[in-house]
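Thanks for coming, everyone. Let me put the structure up on the screen.

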Amino acid sequence: MTEERPPSRRGSDRSPVHLDETAKRIIEQLQQDGRRSYAAIGKAVGLSEAAVRQRVQKLLDTGVMQIVGVTDPLMLGFSRQMMIGVKCEGDLETIADELAALDEIDYVVIAAGSFDILLELVCEDDERLLELLGRIRAVRGVVSTESFVYLKLRKQTYSWGTR
């Protein structure tokens, strides 16, 4: 089953949202434990359960945050994690959209620098990776790719949103 993610707020077509200190504290509570109850969050930030529920819903509705379960790919049998730099010719947004349609790719960004597009993906093994690289290179407008295989994850955090 494939789930569609809500549209990201990233990109030049979106304006920043100002968060007050209470909203930031609510987000921090959920970053510590995404299943924390509204009552517990309310106690920590000084609001009623109902007020927290409303504020969380507003944060979700505006796309400021998502509440998701984050898995460990290795524990689920995905032994290959990597970043792929893609050099392109042609319309980058069209190419990025076509690459984003590939299920194994979980992150697509149009970039400035040595690569036009950066992809992050997980797959089961080298055989699947080889097949996927072929599909990426077959996308019209992809000129070349460079793969950066992750050997060991040292840090991954999602707490930057409240700084």
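I will go through the strands, then some helices, then a pocket.

One thing before we start: this is a predicted model.

Let's begin with strand β3, residues 117–123. Is this strand enclosed or open? Of its 7 residues, 5 are buried, so β3 is largely enclosed by the rest of the structure.

Now its partners. Strand β1 covers residues 80–88, and 7 bridges join it to β3. The two run antiparallel. To find the pairing on screen, look for M83, which stands opposite E120 in β3.

Next is strand β2, residues 105–110. Here 5 bridges make the link to β3, and again the pair runs antiparallel. I105 is a good place to look: it stands opposite L121 in β3.

How many residues lie between β2 and β3 in their hairpin? There are 6. Look in that turn for G113, which has a positive phi of about 125 degrees.

Here is a general point on strands. In a regular strand, side chains alternate between the two faces of the sheet.

Let's pick one residue from strand β1: Q81. Is Q81 buried or exposed? Buried means under 20% relative accessible area. Q81 has 19%, so it counts as buried. What does Q81 touch, leaving aside neighbours within four places in sequence? Its contacts are P73, L74, L121, V122, F148, V149 and Y150. You have met L121 already: that is the residue in β3 opposite I105.

On to the helices. Take α4, residues 92–100. Its buried residues include I95, A96 and L99. Seen down the axis of α4, the buried residues fall within an arc of 100 degrees, so they line one face of the helix. What do they pack against? The list is β1, β2, β3, α5 (126–137) and β4 (142–149). So what sits on the face turned away from that buried side of α4? There you find the exposed residues E93 and D97.

Helix α2, residues 38–45, can be read in a similar way. I41, G42 and V45 are buried there. Down the axis of α2, the buried residues fall within an arc of 100 degrees, so these too line one face of their helix. What covers them includes α1 and α3. Just after α2 comes G46, whose phi is positive, near 85 degrees.

That brings us to helix α1, residues 21–32, where we find I27. I27 is buried, with a relative accessible area of 6%. Which residues does I27 contact, beyond its neighbours within four places in sequence? They are L19, L59, V64, M65 and T162. Now look at S159. S159 and I27 are 132 residues apart along the chain, yet their C-alpha atoms are separated by 8.8 Å.

Last stop: a pocket. Rolling a probe the size of a water molecule over the atoms shows where empty space is left. The second largest pocket in this model has a volume of about 190 Å³. Its lining is V17, H18, L19, D20, A23, R55, K58, L59, T62 and V64. Among these are L19, L59 and V64, which are also contacts of I27.

Which helix gives the largest share of this lining? Helix α3, residues 49–61, with 3 residues. By type, the lining divides into 5 nonpolar, 2 polar and 3 charged residues.

That's my tour. Over to you for questions.

Terms used
Residues numbered from 1 in each chain as written. Predicted model: local features only at pLDDT ≥ 70, side-chain atom pairs only at ≥ 80, totals over all residues. Heavy atoms only, no water. 1 Å grid on protein atoms, 1.4 Å probe; cavity = no way out; pocket = protein on both sides within 12 Å on 5 of 7 lines; lining within 4 Å. Points joined across faces, edges and corners; volume = space filled by probe spheres on them. Helix = DSSP H or I, 4+ residues; strand = E, 2+ residues; numbered from the N terminus. Nonpolar A, V, L, I, M, F, W, Y, C, P; charged D, E, K, R; others polar. Buried < 20%, exposed > 50% of the residue type's maximum accessible area, 1.4 Å probe, protein only. Pairing = 2+ DSSP bridges. Contact = heavy atoms within 4.5 Å. Arc of directions from axis to C-beta.
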